[in-house]
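Keep the sequence and the model open side by side. The paragraphs below walk through helices, loops, charges and surface patches.

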Amino acid sequence: MVSVLALAWLAYDWNTHSQGGRRSAWVRNWTLWKYFQNYFPVKLVKTYDLSPKHNYIIANHPHGILSYGVFINFATEATGFARIFPGITPYVGTLEGMFWIPIVREYIMSMGVCPVSKLALKFLLTQKGSGNAVVVVVGGAAEALLCRPKASTILLKQRKGFVKLALQTGSYLVPSYSFGENEVYNQETFPEGTWIRLFQKTFQDTFKKIIGLSLCIFHGQGFTRGSWGFLPFNQPITTVVGEPLPLPRIERPNKKTVDKYHALYISALRKLFDRHKVQYGLSETQELTIL
């Protein structure tokens, strides 16, 4: 009976998650999130104000294994998003499939999480007034496979959908980078040319096609420092939010226009990365590699 009622409610309430959801200030302010934030610790850094008169697409890099920086900074109030960006309401985009699971759906909606689909994002950017910011981890699940400590490799060259959406909705593009996101786990990739690497790659590709997630083999630490386990390493994660890039509203932008603003976005992201990399743990010679 419980299963029947849960599925009935899911069917009745099906469109809610694509129309802003049901966020809860109480859930976003749970004390638990503050303990979670202090574990690493996680920090949110503002470099420019975001005016409530506009809507924004905050593009974040890198994905890391589990995107702790995005979760803590934008899906909770542990780092004080509402205080740092007054008048701005954040929505974190995630896989549509998460909203097919009863109870889990209610939980993630309460935190301001929405599907990373054109329907849901366009609704937030055009039909919910101004002062909305959708947060998209552009590299997605595929970028998780590139996660390595001290690595700064992201997938972006062919990821242009977020730029096209920004043009269609007249939203400002905001680059953001989570320094330290790649340091909280060690990922295991077996040597190329071996049978175990072939098996690993085949399994990962199949899993991604079916579920939409990249299955990484990774580990962190145990309950004591230096031990092996699945707790993340308590390494600092600092998400730096850059300068908003104004875009014109074009209902049907052509490829040339999308490419133009995509290039401008890449330039802004590189500038943000180079300006803050040394301060947040990388070397002066470290470069941002874009694939």
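A residue counts as buried under 20% relative accessible area, as exposed over 50%, and as partly exposed in between. Asp274 has 41% relative accessibility, so it counts as partly exposed. Keep in mind throughout that this is a predicted model.

Asp274 has a charged partner. It forms a salt bridge with Lys277, and the closest N and O atoms are 3.5 Å apart. Is Lys277 buried or exposed? Lys277 counts as buried, because its relative accessibility is 5%. This pair therefore joins a partly exposed acid to a buried base.

Stay in this stretch of sequence and look at His276. It lies in helix H11, which covers residues 255-276. His276 has a relative accessible area of 10%, so it is buried. Which residues does His276 touch, leaving aside those up to four places away in sequence? They are Thr47, Phe179 and Val240.

Now go to the other end of the numbering of H11. Lys255 and Asp259 both lie in this helix, four residues apart, about one turn of the helix. An α-helix has 3.6 residues a turn, so residues three or four places apart point the same way. The side chains of Lys255 and Asp259 meet in a salt bridge, 2.8 Å from N to O. Lys255 counts as exposed because its relative accessibility is 62%. Asp259 is partly exposed, with a relative accessible area of 23%.

The structure holds nine salt bridges. Another of them is between the side chains of Glu106 and Arg105, 3.0 Å from N to O. Arg105 counts as buried because its relative accessibility is 1%. Glu106, at 27%, counts as partly exposed. This pair belongs to a network of salt bridges that links Asp13, Arg22, Arg105 and Glu106.

Next, take the backbone. Ile103 lies in the loop between strand S3 and helix H6 (104-110). Its phi is positive, about 75 degrees, although Ile103 is not a glycine. Ile103 counts as exposed because its relative accessibility is 70%. Ser67 also has a positive phi without being a glycine, near 55 degrees. Where is Ser67 found? It is in the loop between S2 and H4. Is Ser67 buried or exposed? At 10% relative accessibility, Ser67 counts as buried.

The loop between S2 and helix H4 (68-74) also holds Pro62. A cis peptide bond joins His61 to Pro62, with omega about -20 degrees. A cis peptide bond also joins Phe40 and Pro41, where omega is about 0 degrees. Pro41 lies in the loop between helix H3 (31-39) and strand S1 (42-46).

Now turn to helix H7. Which of its residues are buried? They are Ala120, Leu121, Phe123, Leu124 and Leu125. What covers them includes four strands and a helix: S2 (56-61), S3 (89-94), S4 (113-115), S5 (132-137) and helix H9 (161-169). Lys122 lies in H7 too, within residues 118-126. Lys122 is partly exposed, because its relative accessible area is 30%. It takes part in a positive surface patch, formed by Lys118, Lys122, Lys164 and Arg249.

Finish with a surface patch of another kind. Trp14, Leu95, Met98, Trp100 and Ile101 make a nonpolar patch of about 460 Å². Trp14 lies in the loop between helix H1 (2-12) and helix H2 (25-28). Why does Trp14 count as partly exposed? Its relative accessible area is 36%, and the partly exposed class lies between the 20% and 50% cut-offs.

Note on methods. Residues are numbered from 1 along each chain as its sequence is written. This is a predicted model: local features need pLDDT of at least 70, side-chain atom pairs count only at pLDDT 80 or more; totals for chains, interfaces and linings use all residues. Side-chain values use heavy atoms; hydrogens and water are left out. Patches are made of residues with over 30% relative accessible area and no salt bridge: like charges are joined within 9 Å, nonpolar side chains (Val, Leu, Ile, Met, Phe, Trp, Tyr) within 5 Å. Accessible areas come from the Shrake-Rupley method with a 1.4 Å probe; for residues, only the protein chains shown count as cover. A salt bridge is a side-chain nitrogen of Lys or Arg within 4 Å of a carboxyl oxygen of Asp or Glu. Lys and Arg count as positive and Asp and Glu as negative; His and the chain ends are not counted. The place of a charge is taken as NZ of Lys, CZ of Arg, CG of Asp or CD of Glu. Helices (H or I, at least four residues) and strands (E, at least two) are DSSP runs, numbered from the N terminus. Buried means under 20% relative accessible area, exposed over 50%, partly exposed in between (1.4 Å probe, protein chains only). Contact means heavy atoms within 4.5 Å.
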